[in-house]
Amino acid sequence: MIHFIGNQGMLPCCNSAVIADVMAWCYKDPHKKVIGVDTETEGLNWHSKKVIMLQIGDEQDQFVIDTRFVDITPLKTILEDERIVKVLQNAKFDYKFLLSNFGIRMNNIYDTLLAECLLTCGQKGVPKGLADLTRRYLDIELSKETRGEFHLIQNGTPFTESQITYGARDVEHLPLIRQFQMQAIASWDLEYVLDLENRATVAFAEIENNGIKLDRDKWIGLATNAEDRLEEKEEELDHIVLTNNELLKFKSPGVQLGMFGVKEKHTTVLWSSPSQVQEVLQTLDPSIQSTGVRELFKRQGQHKLFKSLIDYRKEAKLVTTYGKDFIKYIKNETGRVHTIFWQILNTGRVSSGAKGGRYNEDYPNMQNIPALDAYRNCFVAEDGWKIVSFDFSGQELRLIAEGSHDPLWIKTFNEGGDVHGEVAAMVFDIEVADVRNKPDFLRGKSYRDVAKTINFGLAYGMSEHKLADTLDIPVEDAKSFIDKYFAALPKIKKFLEALGNYGKKHKHIRTFKPSRRVRFFADDVELSQMDRKEMFRALGEIERQSKNTPIQGTGADMIKLALAKIVEYIRKNDLWDKVRLITQVHDEIGCEVKEEYVDKWLPVQQRLMEEAGAEFVKSMPMTVDASVSDVWKK
């Protein structure tokens, strides 16, 4: 039954109702703890567009409220009531609109989209829209054609009956979908991680809503310097071409169009063009089939052009991705930079940023801001506030130690020692005091550098080829170092091999307890349809991902638990005007804190993050490092 609350009088499609009816419906039945919630909005920018319809209901009753004419303030009690489960599809979207429009911060959220992401994690091409879920679980076709009409409604134009019915249908099926999902969630023992994701989505919504302030002038100055450096790198590449007899065919005297306008350029090569660069490189080495970074690294000792091209690419990335155009991300409504998170990747980690699509505008990838203070420091606290950041110390390494039970690593972490130095001493059979020495055979790297690279590479399934590229050493040397490494640390080798074998055998892998998040791989049927070469390549990838996912994924579970604890502490103590969540990058969480409250907040965030770490790591403390500043620091 549809109940409409607005100023349109009696309508054939529904009963007339008032806000008090919604309140009575939510509270009359002591067993009614689950309600569907949805909004329809003028657009997608939650800071500038309005909520024009709010829907609350279940499979029996649906209340459709015209928020242009009806005060929904009384519903704040329901939407923030922790005893009532609010079921939504893509909850972050509705959370931000209800917050920006009405100051409502929903509590106890269940997101059907997140649940489906957990149930299909790693599976390709599985649609997760609401219409897909109603079809999958309820065998009901839910038309979404009307959705595109709402942003066209202007000047209080009455809703059509089809629009009201559409709004009602969007909440009618949500509680029932949840029931079916929960059965599947239970069958895979994913209740803990689903609860974790639902709690964390509030924190991600708060980060998206709050954004972070960017010093426009400082960023422009940085971008200008990057342009100058890029031009110098381009001139350096041109000079190499002009002074090399093999490359003189690319000489072209005269004036040409450079990256930043007209300038004198004496080669025909546009260094930003992969095809033109490949032609130059093939003149030096006809076997080159790619201009990718890996190929350049492999050959950087072959000719100085390769090393210069690597340097050029680094500067070009700063100019194109983090150049002057970046200031377009500053929102007029807030004067701050905002991002959008995708909460569950295959490993369980998050990504951020959006290019057009349903948002009709771009949002920056805040996960990949260069880890250089010059760039991070352009993001600043508002006057009277400080940026407080905490990151887990050696998170992935401690997780490897926890999973492998390696005695050296556990002892070193418990004693606050240098695990990279201890490993280097063991692998190269040298004294710890000598691990920073740089023997000739390591080509400028120290023993500790090699150990550190391998240690961190373990979490990403590093091969001898990748190690050789990273350290600029022969592949045979890289293989020898890895062999020595595993000979010295057999428990780590056994742990990683066990993960790889489990994934290949069971076609899925899990993160550490208590989350036990699942990542699914291609099953035996899919593998049997591949040719032999493709199948072996797929199994190799499954093995690598099986080693990687439990480490990265558990790190993601840990940071999400920390986020949930922080946002719940802020809510419980009503600190919204003193503490704002503003960043989450890898194993770091950043808050903007009122200057006079910083000393009180520091021990709170430290405690909450370390409590989250202790849920997953039992053999050693999961410590955090703090930073307090007027700017964001790396």
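This section describes a seven-stranded sheet, the helices packed on it, a helix pair, the aromatic contacts and several backbone features of a predicted model.

The sheet is open, and its seven strands follow the order β2-β1-β5-β4-β3-β6-β7 with mixed pairing. Its edges are formed by β2 (15-16) and β7 (109-111), each of which pairs on one side only. Strands of a sheet pair through backbone hydrogen bonds, in either a parallel or an antiparallel sense. Both senses occur around strand β3. With β4 (residues 51-57), strand β3 (residues 34-41) runs antiparallel, and six bridges join the two. Within this ladder, Glu40 has Met53 of β4 as its bridge partner, and Gly36 is bridged to Gly57 of β4. With β6, by contrast, β3 pairs in the parallel sense over three bridges; in this pairing the partner of Ile35 is Lys86 of β6. Strand β3 is mostly covered, with seven of its eight residues buried.

Helices are packed against this sheet. Helix α3 (residues 91-102) lies across β3, β4, β6 (85-88) and β7, and its direction is at about 70° to β3. Helix α6 (residues 161-172) also packs on the sheet, where it touches β1 (2-5), β3, β4 and β5 (62-66). The direction of α6 makes about 45° with that of β4. Strands β3 and β4 are thus contacted by α6, and α3 likewise lies across both.

A helix-helix contact was examined further along the chain. Two packed helices are described by the angle between their axes and the distance between the axes. For helix α15 (residues 407-414) and helix α16 (residues 419-428), the angle is about 145° and the axes are 9 Å apart. The crossing of α15 past α16 is right-handed. On the α15 side the contact is made by Leu408, Trp409, Thr412 and Phe413, and on the α16 side by Val419, Glu422, Val423 and Met426. Classified by residue type, the contact of α15 with α16 comprises six nonpolar, one polar and one charged residues.

A search of the whole structure for aromatic pairs returned 23 of them. The pair of Tyr322 and Phe326 is classed as tilted because its ring centres are 6.2 Å apart and its planes stand at 45°. Tyr322 counts as buried, at 6% relative accessibility, and Phe326 is buried as well, with a relative accessible area of 3%. Another tilted pair is formed by Phe441 and Phe481, with 6.3 Å centre to centre and 55° between the planes. Phe441 lies in the loop between α16 and α17 (447-457), whereas Phe481 belongs to helix α19 (residues 475-488); the pair therefore ties together parts that are 40 residues apart in sequence. The two rings of this pair differ in exposure: Phe441 is partly exposed, with a relative accessible area of 41%, while Phe481 is buried, at 4%. Tyr322 and Phe326 also belong to a cluster in which ring pairs link Trp219, Tyr322, Phe326, Tyr329, Tyr375, Phe379 and Trp632.

Backbone geometry was also examined. The peptide bond that joins Lys513 and Pro514 is cis, with omega about 5°. Pro514 is placed in the loop between β16 (508-510) and β17 (518-520). Positive phi values in residues other than glycine were found at Asn108 and at His586. For Asn108, phi is near 55°; this residue is located in the loop between α3 and β7 and is partly exposed, with a relative accessible area of 28%. The loop of Asn108 thus connects to β7, an edge strand of the sheet. For His586, phi is about 55°. His586 is found in the loop between β18 (579-585) and β19 (588-594), and it is partly exposed, with a relative accessible area of 44%.

How values were computed
Residues are numbered from 1 along each chain as its sequence is written. This is a predicted model: local features need pLDDT of at least 70, side-chain atom pairs count only at pLDDT 80 or more; totals for chains, interfaces and linings use all residues. Side-chain values use heavy atoms; hydrogens and water are left out. Two strands pair if DSSP finds at least two bridges between them. Helices (H or I, at least four residues) and strands (E, at least two) are DSSP runs, numbered from the N terminus. Contact means heavy atoms within 4.5 Å. Axes are lines fitted to C-alpha atoms, for helices over the stretch in contact, and angles run from 0 to 180 degrees between N-to-C directions. A crossing is left-handed if the near helix is turned anticlockwise from the far one by less than a right angle, and right-handed if clockwise. Ala, Val, Leu, Ile, Met, Phe, Trp, Tyr, Cys and Pro count as nonpolar, Asp, Glu, Lys and Arg as charged, and the others, Gly among them, as polar. Rings of Phe, Tyr and Trp (its six-membered ring) pair if their centres lie within 6.5 Å; planes under 30 degrees apart count as stacked, over 60 as edge-to-face and the rest as tilted. Buried means under 20% relative accessible area, exposed over 50%, partly exposed in between (1.4 Å probe, protein chains only).
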